[in-house]
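Let's take a friendly walk through the aromatic rings of this structure. Have the sequence and the 3D view open as you read.

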Amino acid sequence: MKRMKAVIAYDGSGFAGYQIQPEARTIQMELMKVLKNIHKGRDVQVVASGRTDAKVHATGQVIHFDTDFNIPVEGWLKALNVLLPEDIRVFSIEEATPEFHARYHTIGKTYRYKWDRSKIISPFTRNYMVHLKQRPDVDAMRKAAKAVLGTHDFSSFCAANTGVVDKVRTIRRLDFEEHGEELHMVIEGSGFLYNMVRIIAGTLFEVGIGKRKPEEMAGIIRSADRGAAGKTAAAHGLYLENVEYES
């Protein structure tokens, strides 16, 4: 058996999320359906670096699967991209060590959250950026973001229904980029809790529109209380951009 590691991208607009679920279209379901076809009816399990919610996109998701087929890398790349639907693409694939695990061996991830500050949102970007009715103060958002950097208990920025006990994570980078009318939040860390990036984005946006002061961010983190943070930002503005592994 060979363990194959692939970097994939997907448009989350038409999916109920990554993880397979009954009577719903998911990324994992489409991947497993194609691999089952290639393996002549045999089920092939696909493991990702982590789950993404409905309407969340990915430009650098990582998966692995095991196969006994002796297909060259170029053959895998061609076959998968021919058989997969157009809203999922495999960018690269390689043979990994048998011990490699797409989920358990991650040492960091990068997410990007996109807002559109245009007066009228384009119909061509409405599923890929969150349209803002108010222009936020980006400098205030940057000031508040400094409190997020470092190692903290991020209970305040985690969905209440999560079963994760250890909520300590390290954020190494949190930047804002302005591309014309687009405003991007780029966040990199050791790992992320359920809805963590979207809650951070929603809270920083509230700072940007004056609903909160930048100085409040540190206190929100210390409170370890989900109720102290802002609303969860909409899913369709979020992208899983990169997954990092040890060399």
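## Rings that meet

A good place to begin is a cluster: Tyr113, Trp115 and Phe205 are linked by ring pairs. Please keep in mind that this is a predicted model.

How many aromatic pairs are there? The count comes to six. One of them joins Phe65 and Trp76 in an edge-to-face arrangement, with 5.3 Å from centre to centre and 65° between the planes. This pair links distant parts of the chain, since Phe65 belongs to strand S3 (residues 57–67) and Trp76 to helix H2 (residues 73–83), 11 residues apart. Are these two residues buried or exposed? Phe65 and Trp76 are both buried.

Now return to the cluster and look at Trp115 and Phe205, whose rings form a stacked pair, 6.5 Å centre to centre and with 25° between the planes. Stacked is the right word because planes under 30 degrees apart count as stacked. Trp115 sits in strand S5 (residues 106–116) while Phe205 sits in helix H4 (residues 196–208), so their pairing ties together parts that lie 90 residues apart in sequence.

Why do both partners count as buried? The term applies under 20% relative accessible area. Trp115 has a relative accessible area of 2%, so it is buried. Phe205, with 18%, is also under that cut-off and therefore buried.

Finally, look at a ring with a charged neighbour. Which residue lies over the face of Tyr239? That residue is Lys114, at 4.4 Å from the ring centre.

Note on methods: Residues numbered from 1 in each chain as written. Predicted model: local features only at pLDDT ≥ 70, side-chain atom pairs only at ≥ 80, totals over all residues. Heavy atoms only, no water. Phe/Tyr/Trp six-rings, centres within 6.5 Å; stacked < 30°, edge-to-face > 60°. Helix = DSSP H or I, 4+ residues; strand = E, 2+ residues; numbered from the N terminus. Buried < 20%, exposed > 50% of the residue type's maximum accessible area, 1.4 Å probe, protein only. Lys NZ or Arg CZ within 6 Å of the ring centre and 35° of its normal.
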